[in-house]
Amino acid sequence: MMYVIRLSWLISIAISFFGFVLVSQLYEVQPKGATGNLGFIGIIFLFPFIILSLITTFRYFLTVTSSAKRIEKFIGIAGGILLLGLFVYFSSVQSIEGDFSEFNNSKNLVFFNIYTFGLIHTISGILGAFYGVMKPKPIENIEESNVE
């Protein structure tokens, strides 16, 4: 069962990652005879895949955390928080370097890049891990562990 969840998580991560790459490329395309860019169309098609990927990430880390030992849970959550801090740092450094006095098409890349992709999936993984740690065990599992 764990292999199926891991495989579905990897597939959804890959699909949404390539969607992020395509959306960032669509922001650079200027349509002929119109102003703006084609990035919004990419966002509309990418949104369901992002939601599916975030739900799958949550479920994967929930399953991994609920079956891990106590020290493994602590190390995993601490690593996730460290990774979250790195993504927040790098995404804020990238946005500070830009000039916000004029909003143009290149500023949209701040929201659809690798750091944003990593940030939202890290948050989803940390939430899944916290829920896996805090979630009470089902009654069947408690009764089985008392019998042994």
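**Reading the labels on a five-helix chain**

Reader: Why is V64 called partly exposed?

Author: V64 has a relative accessible area of 28%. Buried means under 20%, exposed means over 50%, and partly exposed is in between (1.4 Å probe, protein chains only). The value for V64 falls in between, so the label is partly exposed. This is a predicted model: local features need pLDDT of at least 70, side-chain atom pairs count only at pLDDT 80 or more, and totals for chains, interfaces and linings use all residues. Residues are numbered from 1 along each chain as its sequence is written, and side-chain values use heavy atoms, with hydrogens and water left out.

Reader: Where is V64, and how far is it from I5?

Author: V64 sits in helix α2, residues 39-66. Helices are DSSP runs of H or I with at least four residues, strands are E runs of at least two, and both are numbered from the N terminus. V64 and I5 are 59 residues apart in sequence. Their C-alpha atoms are 9.6 Å apart in space.

Reader: How many helices and strands does the protein chain have?

Author: Five helices and zero strands. From the N terminus, the order is α-α-α-α-α.

Reader: How do you know that the length of α1 agrees with a helix?

Author: The expected span is 1.5 Å times one less than the number of residues. α1 has 25 residues, so it should span 36 Å. Its end C-alpha atoms are 36 Å apart, which agrees.

Reader: What does the check give for α4?

Author: Helix α4 covers residues 114-134, 21 residues in total. It should span 30 Å, and its end C-alpha atoms are 30 Å apart, so the two agree. Its buried residues include F117, G118, L119, G125 and I126.

Reader: What makes L46 buried?

Author: Its relative accessible area is 5%. That is below the buried cut-off, so L46 counts as buried. L46 lies in helix α2.

Reader: Which residues does L46 contact?

Author: S16, G19, F20 and V23, leaving aside neighbours within four places in sequence. Contact means heavy atoms within 4.5 Å. S16 is 30 residues from L46 along the chain, and their C-alpha atoms are separated by 7.2 Å.

Reader: Why is T56 called buried, but L52 partly exposed?

Author: T56 has a relative accessible area of 13%, so it is on the buried side of the cut-off. L52 has 48%, so it stays in the partly exposed range. T56 lies in helix α2, and so does L52. T56 touches S8, W9 and S12, not counting residues up to four places away in sequence. L52 and S12 are 40 residues apart in sequence and 7.1 Å apart in space, C-alpha to C-alpha.

Reader: What makes the largest nonpolar core a core?

Author: A nonpolar core is a set of buried Ala, Val, Leu, Ile, Met, Phe, Trp, Tyr and Cys residues joined through side-chain atoms within 4.5 Å. Nine residues meet that rule here: I5, W9, I13, F20, V23, L46, I50, Y60 and F117. α1 (2-26) and α2 each supply at least two of them. The largest share, five residues, comes from α1. Among the buried residues of α1 are I5, W9, I13, F20 and V23. I50 contacts F20 and I120, leaving aside its neighbours within four places in sequence.

Reader: Why is N113 called buried, and where is it found?

Author: N113 is found in the loop between α3 and α4. Its relative accessible area is 14%, below the cut-off, so N113 is buried. N113 and F20 are 93 residues apart along the chain, with their C-alpha atoms separated by 6.5 Å.

Reader: How much of the whole chain is buried?

Author: Of its 148 residues, 30% count as buried. Residues 24 or more positions apart account for 79% of the contacts with a separation of 6 or more.

Reader: What makes a pocket, and which residues are closest to the centre of the largest one?

Author: On a 1 Å grid over the protein atoms alone, a pocket is an open set of points with protein on both sides within 12 Å along at least five of seven lines. A residue lines it when an atom is within 4 Å of a point. The largest pocket has a volume of about 320 Å³. Of its 20 lining residues, F61, G76, G80, G125 and I126 are closest to the centre. α2, α3 (70-97) and α4 each supply at least two lining residues. α3 gives the most, with seven.

Key: 1 Å grid on protein atoms, 1.4 Å probe; cavity = no way out; pocket = protein on both sides within 12 Å on 5 of 7 lines; lining within 4 Å. Points joined across faces, edges and corners; volume = space filled by probe spheres on them.
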